[in-house]
Amino acid sequence: MIEVKHLTKRYGKHTAVDDISFTVQDGCIYGLLGPNGAGKSTTMNMITGYLAPTGGTVAIDGHDVQEEPKEAKACIGYLPEIPPLYSEMTVEEYLKFAAELKRIPRKERAAQIEKAIKTAQLEDVRKRLINNLSKGYKQRVGLAQAVLGDPETIILDEPTRGIDAGARTDVYNIIKGLSKKGLAVLLISSDMEEIIELSDRAVTIHQGRLNCEFDRADINQENLTKASFGVI
């Protein structure tokens, strides 16, 4: 679960994120939609603990990100827009490296890597160099890295940007599978189609402020467009 309360970030007189609050429940894909410059990245960086807020709090599975950073970050699996992949490694080698960085106990690493490969549907490319994979498969490798260690919360930043329609469908199905396993998934995107396809709940952000929040039944192009322009 992610609990964001009155989160604010100011840079001098400029307010990048203005008193936002929302909750991402376990088993839910929560979409945060907004154009470039709306405050999405600043919000994400505060949630993941890379940036300190000016005001407000973020709790991950009950751990305050500022007061218990190690415990909070241990609960997060994070896929940035451009995954930090090493092209000279094979998929297996990279996941072994990631498992070491995450300090997964040595006796658990093999099982965790197998689980991540299965979750991201990478069985057929596990021995291939990452450099030789398509953009879609590279995103899957990033997803596999994110789920290593069984985090209860997954944060995805523009997870399908730049990949073709077929690969996008595959990634969509993997993400849906994460919520079905009971994980809390925060999806940050500027792609309305992505938000509509994946989100159980969604909210629009504009100039650092949240506009309307929608349940699954009301997540459609008309409502999201109106909310993005402040019509509703």
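**Strands, Sheets and Helices**

User: Which residue in E5 is the bridge partner of Ala59?

Analyst: In E5, Ala59 has Asp64 as its bridge partner. The model is a predicted one, in which local features need pLDDT of at least 70, side-chain atom pairs count only at pLDDT 80 or more, and totals for chains, interfaces and linings use all residues. Residues are numbered from 1 along each chain as its sequence is written, and side-chain values use heavy atoms, without hydrogens and water.

User: Why are strand E4 and E5 said to pair?

Analyst: Pairing requires that DSSP find at least two bridges between two strands. E4 (residues 55–60) and E5 are joined by 2 bridges, so they pair, and they run antiparallel.

User: What makes E5 an edge strand?

Analyst: Strand E5 (63–64) pairs on one side only, as does strand E2 (14–24). The open sheet has 4 strands in the order E2-E1-E4-E5, with antiparallel pairing. Strands are DSSP runs of E (at least two residues), and helices are runs of H or I (at least four), numbered from the N terminus.

User: Which strands does helix H5 lie across?

Analyst: Helix H5 (residues 135–147) lies across E6 and strand E7 (153–157). Its direction is at about 165° to E6, on a scale from 0 to 180 degrees between N-to-C directions of axes fitted to C-alpha atoms, for helices over the stretch in contact (heavy atoms within 4.5 Å).

User: How do you know that E3 and E8 pair?

Analyst: Strand E3 (residues 29–33) and strand E8 (residues 184–189) are joined by 5 bridges and run parallel; the requirement of at least two is therefore met. Leu32 stands opposite Ile188 in E8. Both strands belong to an open sheet of 6 strands, E6-E7-E8-E3-E9-E10, with mixed pairing.
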